[in-house]
There are 2 protein chains.
Amino acid sequence: MVKSQESKESLQDSLQQVIRLLNKHKLVEGLVHKQDMPKHDLVESLVHKQNLAELHKKLDALHPADVAYILEALPLEQRLDVWDMVKAERDGEILLEVSDAVRQTLIADMDSDELLAAAEQLDTDELADLAPDLPKDVLQDLLDSLDSRNRERLQSALAYPEDAVGALMDFDIVTIREDVSLEVALRYLRRLANLPDHTDKLFVVDRDDILRGVLPLKRLVVNDPDLIVSEIMTDDTVAFHPEDKADEAAKAFERYDLVTAPVVDENNRLVGRLTVDTVMDFIREEAESDILSLAGLREEEDLFASVWKSMQNRWAWLAINLVTAFVASRVIGLFEGSIEKIVALAALMPIVAGIGGNSGNQTLTMIVRGLALRQAASYSMKSLLLKELGVSLLNGLGWGGVLGLAAYFLYHNVALGVVMTAAMTLNLLLAATMGVLIPFMMTRFGRDPAVGSSVLITAVTDSGGFFIFLGLATIFLI
Amino acid sequence: MVKSQESKESLQDSLQQVIRLLNKHKLVEGLVHKQDMPKHDLVESLVHKQNLAELHKKLDALHPADVAYILEALPLEQRLDVWDMVKAERDGEILLEVSDAVRQTLIADMDSDELLAAAEQLDTDELADLAPDLPKDVLQDLLDSLDSRNRERLQSALAYPEDAVGALMDFDIVTIREDVSLEVALRYLRRLANLPDHTDKLFVVDRDDILRGVLPLKRLVVNDPDLIVSEIMTDDTVAFHPEDKADEAAKAFERYDLVTAPVVDENNRLVGRLTVDTVMDFIREEAESDILSLAGLREEEDLFASVWKSMQNRWAWLAINLVTAFVASRVIGLFEGSIEKIVALAALMPIVAGIGGNSGNQTLTMIVRGLALRQAASYSMKSLLLKELGVSLLNGLGWGGVLGLAAYFLYHNVALGVVMTAAMTLNLLLAATMGVLIPFMMTRFGRDPAVGSSVLITAVTDSGGFFIFLGLATIFLI
């Protein structure tokens, strides 16, 4: 009876089934084509039809999110085959569920009429999610087809940047007046017959739509129906403005365990609401884009994107790294004379640079996280820097000492071992300093410290590590 | 009236205020101490008291999550000062809100009685979160103080691994029978007077606590009170088992936009529920631990942890890197003869290794993400490998060609340029191959491909890059 959490297994099963049916379908089509069989051949045609019917049935039974999952897990050709089999009236909700990259491949496969039909099934706030991916003429047709209230909503939602509350809010708000009894409120709700998803509270507004408070459903159902709304509503609620940053809103949702929250304009007039499912999607997307940007992927990439598309997504990072690696290479070039004399330097120098980069990235990650959570602030920079320098000094003397010994045993040169230890320690101190300073500086200049600071610190510890090690070696060994 | 999203600014303000008051407080204490003033000096004592009162008032007015935030943002000494000023009866809820690392510093500051008192304010499911951080004797006292039902619940919650649904669920379930009318259900709820947080649905169970379905509150309030629960409840609900993986549950929450979901045992008997706020915390923690582990931080680290604690958290990663860097260094050592003859090789080799590492990590990130979302599976490995090899081939010929030209212009040696381009291309192909194979292999052996695969691929592309470049140079240039 209960659809239990075999649902996850069954999602994998569904994917396997779709693939199996697709392959059978292809096989039959291939046979018909190859053997030049007459298309009306009874048996083949029956199998073919049966297969297709089974696929259609399977897809129709799946939740839109599950169809989206299957589309994302299929290579482009099969993906479009499945997409063509999905009932047209479900296109809209499925487009909402797939990732941006996959959505583009699906939209590219649809003509204007299909797109318009899909869009017309959606609410205004859902349209706002989809709109940026639609061709201009379809978007214009769509705007023309809306009534003035919804057109205005859509245009204002599109005007907010992607990371503002205004771009995430929806308009599924149920409002009541504060001077009615709960009995009246309940009667009003019964007339509505259905409440929007995630309705955990009603918004209490006055005649001018000014927010007066909120009435949680759970208060509505446990209180005496003769009480008046204003007596049991709460006015201690978290509300947002459309121009608020979405990630601040997300933190407030986590902090105060919200399910929905009102969005009000500067006059405290209710303009929409924010729901936990949207916030959760936002958090997930942010976390993924952090991880992707750490690896230098500019944006979400369709796993089955073409080679050409993937290159576009990745070339910028490689170009930057080419430049920083080239700079480091020129630093080494400065010391070619020393390396010619002591070739062991060439073998040892990547160790100094590499460990510096790793240690610097550890510091950086701590500080970036502290800044994002606002636990780190300018007043704490000094104490954080001192702490990180302390960690680096101990690591440098410890691990640097180990490496110095290794260098001594390999090359039977005491001075080389000492230079190795000293260079490690200095490069770790450099890494700690930059690991603290880079994110603080980026924040001061209004930039997101999570983006690009890893490249920057690795560039510094590479070039710096080579310079320190080869420089010390030139002074003391040559 | 409405606490608007200035709340975020005001959180920063609160932090600043607390710091200001703390500093004043310290200043006064310092004065008293330094000048050896009599403690009962009237004026000083008044200022002192006033200061403290203001701090207490400020702290009392803050939401537990906000106090937790302030504690996390303060260096250890000040943190403990503030902690001592928090009302004892709020200790429990605040301990729940702080991060694990900070919680340990707070618990270390409390004696057994204080801990026991704090723990006794909490629900069983909250206790389960706290319990692993408590000293053994306190935990035992706590178990003894519980009634048998709650003791059993706590022990079973503690028995589940941290990433299982059983460790995240709570026991705040409101159940009804399916054969009563909505009218009766509403009367029952009114007798309860208060519903648990996040109650968006009632769980419909039979006499043996077997789950029969769920009744969303929003259905309850819009339907005719004369209807029977079984007529309007839904039995098409997602339920979990306590031993289900928490991250599968989290995906189901996102996929199906859930607010709460029932947790049932193998006989479909209702044992608890999962709520969206817990799931959201879990998602956030997972995302953070992914980012931390990418940088080789073993666990969440208190921003203001001592140098010693930080070293413990970070040494393992540095040790691993030391080993891989040492191996790469020995690979270079094999070719010292070649480097002695053409010292330019020493300057160029880190470029080949570095770009390989970066490109490999891009591939790796895509594949790990695809595996985590289950979009990548064994049947797609071949097509993914072909795609990544294609990207690498083009990048190798393109960027490798640029570098080959650069090497030619720097050293006026055509053969060196050609070796450079060839080595870049081969190392990028190696990076792509390993970027696809490593995560698939780790998954096959039941390991999390997100942990450690980045170290592994960098080790391969470093040593491999040096070997390929110096090897080609030795064959063709020496």
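Here are some short exercises, each with a worked solution, on a predicted model of two chains, A and B.

**Exercise 1. Find out how confident the predictor is in chain A and in the complex.**

Solution. Start with the chain average: chain A has a mean pLDDT of 86. Next, look at the spread, where 94% of the residues score at least 70. Then look for a weak spot: residues 1-8 of chain A have a pLDDT below 50. Even so, this stretch has 24 contacts in the model beyond near neighbours in sequence. Finally, turn to the complex, for which the predictor gives an ipTM of 0.81 and a pTM of 0.81.

**Exercise 2. Describe the side of chain A that touches chain B.**

Solution. First, count the residues: 113 of chain A are in contact with 112 of chain B. Second, ask which element gives the largest share; helix α19 (residues 344-372) of chain A does, with 15 residues. Third, sort this side of chain A by class, and you get 57 nonpolar, 29 polar and 27 charged residues.

**Exercise 3. Work out which symmetry relates chain A to chain B.**

Solution. Begin with the movement: a rotation of 180 degrees superposes chain A on chain B, with an RMSD of 0.1 Å. Then check the shift along the axis, which is 0.0 Å. Therefore the two chains are related by a two-fold axis. As a last step, compare the contact residues: 99% of those of chain A recur in chain B, so the same surface serves both copies.

**Exercise 4. Locate the domains of chain A.**

Solution. Go along the chain: domain 1 covers 7-168, domain 2 covers 175-294 and domain 3 covers 307-477. Now take a distance: the C-alpha centres of domain 2 and domain 3 of chain A are 49 Å apart.

**Exercise 5. Lay out the open sheet of 3 strands in chain B.**

Solution. Write down the order first: β2-β3-β4, with mixed pairing. Next, mark the edge strands, β2 (175-176) and β4 (211-216) of chain B, each of which pairs on one side only. Then add the sense of one pair: strand β3 (residues 201-205) of chain B runs antiparallel to β4(B), over 5 bridges. To finish, place one residue: B:K201 stands opposite B:P216 in β4(B).

**Exercise 6. Decide whether helix α3 (residues 64-72) of chain A is largely enclosed or largely open.**

Solution. Start by listing its buried residues: A:D66, A:V67, A:A68, A:Y69, A:I70, A:L71 and A:E72. That is 7 of the 9 residues in the helix, so α3(A) is largely enclosed by the rest of the structure.

Notes: Residues are numbered from 1 along each chain as its sequence is written. Chains are lettered from A and ligands numbered from 1 in the order in which they are written. This is a predicted model: local features need pLDDT of at least 70, side-chain atom pairs count only at pLDDT 80 or more; totals for chains, interfaces and linings use all residues. Two residues are in contact if their C-beta atoms, placed from the backbone, lie within 7 Å. Helices (H or I, at least four residues) and strands (E, at least two) are DSSP runs, numbered from the N terminus. Ala, Val, Leu, Ile, Met, Phe, Trp, Tyr, Cys and Pro count as nonpolar, Asp, Glu, Lys and Arg as charged, and the others, Gly among them, as polar. pLDDT is the predictor's confidence in each residue, from 0 to 100. Copies are superposed by least squares on the C-alpha atoms of residues with pLDDT of at least 70 in both. Domain bounds come from an automatic or database domain assignment. Two strands pair if DSSP finds at least two bridges between them. A residue is buried if 20 or more other C-beta atoms lie within 10 Å of its own, exposed if 12 or fewer, and partly exposed in between; C-beta atoms are placed from the backbone.
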